[in-house]
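Take a look at the structure below. We will go through the surroundings of its ligands and its cavities, one at a time.

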Amino acid sequence: MSKTLRLILGDQLNSNHSWFKTIDDSVTYVMMEIRSETDYAHHHIQKVVGIFAAMQEFKNDLLSKNHNVIYIYINDNDNLESFEKNIQNLILKQNFTHFEYQLPDEYRVDLDLKNLCKSILISSSVVDSEHFFTTRSELGDFFEGKKIYLMESFYRAMRKKHNILMEGDKPLTGQWNYDGENRKKLPKNHKSTSPLVFNNDVSNIYDELAKTDVKTIGTIDSKNFVWPINREQSLQLLDFFATECLPLFGSYQDAMSPNEWSLYHSRISFSMNVKMISPHEVIDRCIEEWKKRPSEIEFNQLEGFVRQIIGWREYMRGIYWNKMPEFAKLNFFNNQEKLPNWFWTGKTKMNCLKDAITQSLNYAYAHHIQRLMITGNFALLAGIHPDEVDAWYLGIYIDAFEWVEITNTRGMSQFADGGIVATKPYVSSASYIDKMSHYCGSCFYKKAVKTGEKACPFNSLYWNFYDRNEKKLGKNPRIGMMYNVWRKMKPEDKTALLQQADFYLKNINEL
Ligand code: FAD
Ligand code: DLZ
Ligand code: SF4
């Protein structure tokens, strides 16, 4: 009799996958909590607990539908702690005759599973994860022969191909892009909608983890875990976003404010990345809400959100599969420094960094512009090695999986790819941070001061970055203006800025 073993990874919790459409007694699913996955980064405790909780909920759901499931817990005696070893062991002990898995999202796991299939003596096959709009190779094919991979042209092609917000082959409303309307600062004293959080009791999982020596970062309230851990909660969060946050999403998507950890963002990335919900249903729900309330939800709010999902998210995945494994080694600026210690504590006098890091430690979450223009901006200005920056981002965020983390971090944020993802480095001085946030007013440092006592570190580090990298960036047409300003600056002002930057870099742990 044939016996099939099917592997479900911790980020493949897609209950709508065609695997589950029929109940077949000859098929057994296996899910496993293993050290190879808990230990490849120092993950945030909420990320490990959240993934284990979501895996266990998924397993319970499969069991309730009468599927056969083997679930290996982190402290099980016979847990061999890697996908390969556990699978080999099961094949041997339970006489499986066929092995199947879904295409993984990570290069490392993809390679491991391919090798596993070569090493086992039974037949094997791989199926799609049935989650994304695009295949792994679609972006590579789209940009075949091109040097620049412009997100905007990919996004427009996606809108056309999937007929999203289109009228024939023209964009609905006649305009593709509303970015210009989506850069507002929050008005003073504006109070955003309180985020919907859950009160999941995940203390059992937390207690089991505490028995291991898995190293984690950040904090957790394991009796009131705020993140969704199943499909039902993920749909509730999506509903909350569509009804409460979408009406202002676009306007304030680049805004930052102290003590407001998610503003009008959806916080749907964890649910989507572990596939409890699909990007298709996220888009559909938002378009449905916009159609219901056309006078309350302006088109730019909706378009800004759709762009993130069918544009940026799919684009990053395509870049990943097109450029790995070389991408993980790129270091365009040859940056070599270590991250300052306060990236793990939030204990810095710089208000913007203190806020972004502290909330990341408390919630395993920061919204995009905090990741890009606060922590990422600082790391790039300070010349931190991209391996260090990647390791931090891969660990700290609940939604961090390499395909979307490394492309955003090494590519978009650190420009370590030399301009595949971004056309110029995302760096700024204090003026941009002040324009988009309410951080500077109550900061120890003074936003308008460039050198001397209490000068905001972003100011001198900014010019130091351009000076240091002039050979690599001087000819970039998008940065020409900054170099003109730098070249025209009085020599004594330039020297003072560079000395100030040097002082800050030498004392980076005390900032
Ligand atoms: P919203 O602002 O509500 O946006 C909606 C959705 O759009 C997100 O859930 C996400 O799926 C998608 N999206 C938005 N921007 C991007 C983007 N640049 N790339 C891919 N998808 C995007 N996102 C991750 O999912 N995992 C990561 O590990 C990750 N690491 C990042 C590291 C850096 C340095 C930067 C600058 C960005 C990173 N992002 C990552 C992208 C983005 O910041 C997060 O997707 C977003 O903050 C998640 O919060 P949200 O669901 O509230 O997003
Ligand atoms: C991130 C993660 C963690 C912390 N733990 C597990 C685990 O124990 N078991 C599992 O199947 N998956 C886990 N994951 C998610 C995997 O790392 C992810 O499936 C791969 O990186 C492929 O994207
Ligand atoms: Fe950040 Fe500088 Fe503003 Fe302080 S003054 S919050 S360090 S940008």
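How many nonpolar, polar and charged residues does the shell around ligand 1 have? By class, there are 14 nonpolar, 10 polar and five charged residues in that shell. Keep in mind that this is a predicted model.

Stay with ligand 1. It has 29 residues around it. Those that come nearest are H265, S266, R267, Y365 and N408. Two of these five also appear in the list of polar contacts. In H265, a polar side-chain atom lies 2.7 Å from an oxygen atom of ligand 1. In N408, an N or O atom of the side chain is 2.8 Å from a nitrogen atom of the ligand. Q308 makes a contact as well: a polar atom of its side chain lies 3.2 Å from a nitrogen atom of ligand 1. How much of the ligand does the protein cover? On its own, ligand 1 has 820 Å² of accessible area, and the protein covers 99% of that.

Now place this shell on the helices. Four of them each supply at least two residues: helix 9 (269-273), helix 11 (299-323), helix 13 (368-381) and helix 15 (402-413). Helix 11 gives the most, with six residues.

Next comes ligand 2. Its shell holds 18 residues. The closest are G10, D11, M32, E37 and E106. Look at three polar contacts here. The side chain of D11 has an N or O atom 2.6 Å from an oxygen atom of ligand 2. E37 also uses its side chain, with a polar atom 2.7 Å from an oxygen atom of the ligand. M32 takes part through its backbone: a polar atom there is 2.7 Å from a nitrogen atom of ligand 2. The protein covers 100% of the 490 Å² of accessible area that ligand 2 has on its own.

Which helices help to build this second shell? Helix 1 (35-38), helix 2 (45-64) and helix 4 (107-119) each supply at least two residues. Helix 2 gives the most, with three. Sorted by class, the shell around ligand 2 has nine nonpolar, three polar and six charged residues.

Now turn to empty space. Rolling a probe the size of a water molecule over the atoms shows where such space is left. In this model, the count comes to two cavities of 30 Å³ or more. The largest cavity has a volume of about 310 Å³. It is lined by 20 residues, and the closest to its centre are G10, E37, Y40, I51 and F401. Where does ligand 2 sit? It sits in this largest cavity. G10 and E37 link the two views, as they are among the closest residues to ligand 2 and among the closest to the cavity centre.

The lining draws on helices too. Helix 1 and helix 2 each supply at least two residues. The largest share, five residues, comes from helix 2. By class, the lining has 12 nonpolar, three polar and five charged residues.

One cavity remains to visit. The second largest has a volume of about 110 Å³. Of its 14 lining residues, C352, A430, C440, C443 and C456 are the closest to its centre. Helix 12 (351-363), helix 16 (430-436) and helix 17 (457-468) each give two or more residues to this lining. Its classes are 11 nonpolar, one polar and two charged.

Technical notes: Residues are numbered from 1 along each chain as its sequence is written. Chains are lettered from A and ligands numbered from 1 in the order in which they are written. This is a predicted model: local features need pLDDT of at least 70, side-chain atom pairs count only at pLDDT 80 or more; totals for chains, interfaces and linings use all residues. Side-chain values use heavy atoms; hydrogens and water are left out. A residue is near a molecule or strand if one of its heavy atoms lies within 4 Å of it. A polar contact is a pair of N or O atoms within 3.5 Å; within protein, one must be able to donate a hydrogen and the other to accept it, and residues adjacent in sequence count only if both atoms are side-chain atoms. Accessible areas come from the Shrake-Rupley method with a 1.4 Å probe; for residues, only the protein chains shown count as cover. On a 1 Å grid over the protein atoms alone, a cavity is a set of points where a 1.4 Å probe fits but cannot get out, and a pocket is an open set with protein on both sides within 12 Å along at least five of seven lines; lining residues have an atom within 4 Å of a point. A molecule sits in a cavity or pocket if more than half of its atoms lie within 2 Å of its grid points. Helices (H or I, at least four residues) and strands (E, at least two) are DSSP runs, numbered from the N terminus. Ala, Val, Leu, Ile, Met, Phe, Trp, Tyr, Cys and Pro count as nonpolar, Asp, Glu, Lys and Arg as charged, and the others, Gly among them, as polar. Grid points are joined across faces, edges and corners, and a volume is the space filled by probe spheres set on the points.
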